[in-house]
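Student: Could you take me through one part of this structure in close detail? I'd like to understand the surroundings of a single cysteine and how it fits into the rest of the chain.

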Amino acid sequence: MKKRQVVVKKDCSSRSSNTSSSVVRTVRYAECQKNHAANLGGYAVDGCREFMANGEEGTNGALTCAACGCHRNFHRKEVETEVVCEYSPPNFNH
């Protein structure tokens, strides 16, 4: 399987004091890729389509999939990066 990274960028070419930008990264863990038949010399995956944490964030259960019981690292990681530009037009008071 090949890894895929999706990058969404907006052009922030005007660098004035009224423009600010921030980077937003979203990480999602997709299907499980653990080979359950590796010790037999074969290839078999369990069919788990998406990682679902088995516990709250910050606990050991957050790294275990509730559906298949595998560690999160066995699931394909998808990272979406978005550069968000915010522009405030200058306020001209005459």
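Tutor: Sure, with the caveat that this is a predicted model. Read from the N terminus, the pattern is β-β-β, with three strands and zero helices in the protein chain. Buried residues account for 20% of the 94 residues. The accessible surface is about 7400 Å², and carbon and sulfur atoms own 48% of that. As for contacts between residues at least 6 apart in sequence, 59% of them link residues at least 24 apart.

Now let's zoom in on C68. You'll find C68 in the loop between β2 (19-32) and β3 (75-87). Is C68 buried or exposed? Neither label fits: its relative accessibility is 21%, so C68 counts as partly exposed, given that buried means under 20%.

What does C68 touch, once neighbours within four places in sequence are left aside? The partners are C32, D46, C48 and H75. Take C32: it sits 36 residues from C68 along the chain, yet their C-alpha atoms are 8.1 Å apart. C32 has 5% relative accessibility, so C32 counts as buried.

With cysteines gathered like this, you may be wondering about disulfides. A disulfide is a covalent bond between the sulfur atoms of two cysteines. How many does the structure hold? Zero. C32 is in no disulfide, and its nearest cysteine sulfur, the one in C70, lies 3.8 Å away. Why is there no bond from C68 to its closest cysteine sulfur? That sulfur also belongs to C70, and at 3.7 Å from the sulfur of C68 it is too far for a bond; the cut-off is 2.5 Å.

Cysteines turn up again in the largest nonpolar core, which has six residues: Y29, C32, C48, F51, C65 and C70. Two of these, C32 and C48, are contacts of C68. Another core member, C65, touches C48, F51 and C70, along with E50, M52, N54 and H75, not counting residues up to four places away in sequence. H75 is therefore a contact of C68 as well as of C65.

So the picture around C68 is this: a partly exposed loop cysteine, in contact with buried C32, with the sulfur of C70 at 3.7 Å and no bond to it.

Key: Residues are numbered from 1 along each chain as its sequence is written. This is a predicted model: local features need pLDDT of at least 70, side-chain atom pairs count only at pLDDT 80 or more; totals for chains, interfaces and linings use all residues. Side-chain values use heavy atoms; hydrogens and water are left out. Helices (H or I, at least four residues) and strands (E, at least two) are DSSP runs, numbered from the N terminus. Buried means under 20% relative accessible area, exposed over 50%, partly exposed in between (1.4 Å probe, protein chains only). Contact means heavy atoms within 4.5 Å. Accessible areas come from the Shrake-Rupley method with a 1.4 Å probe; for residues, only the protein chains shown count as cover. A nonpolar core is a set of buried Ala, Val, Leu, Ile, Met, Phe, Trp, Tyr and Cys residues joined through side-chain atoms within 4.5 Å.
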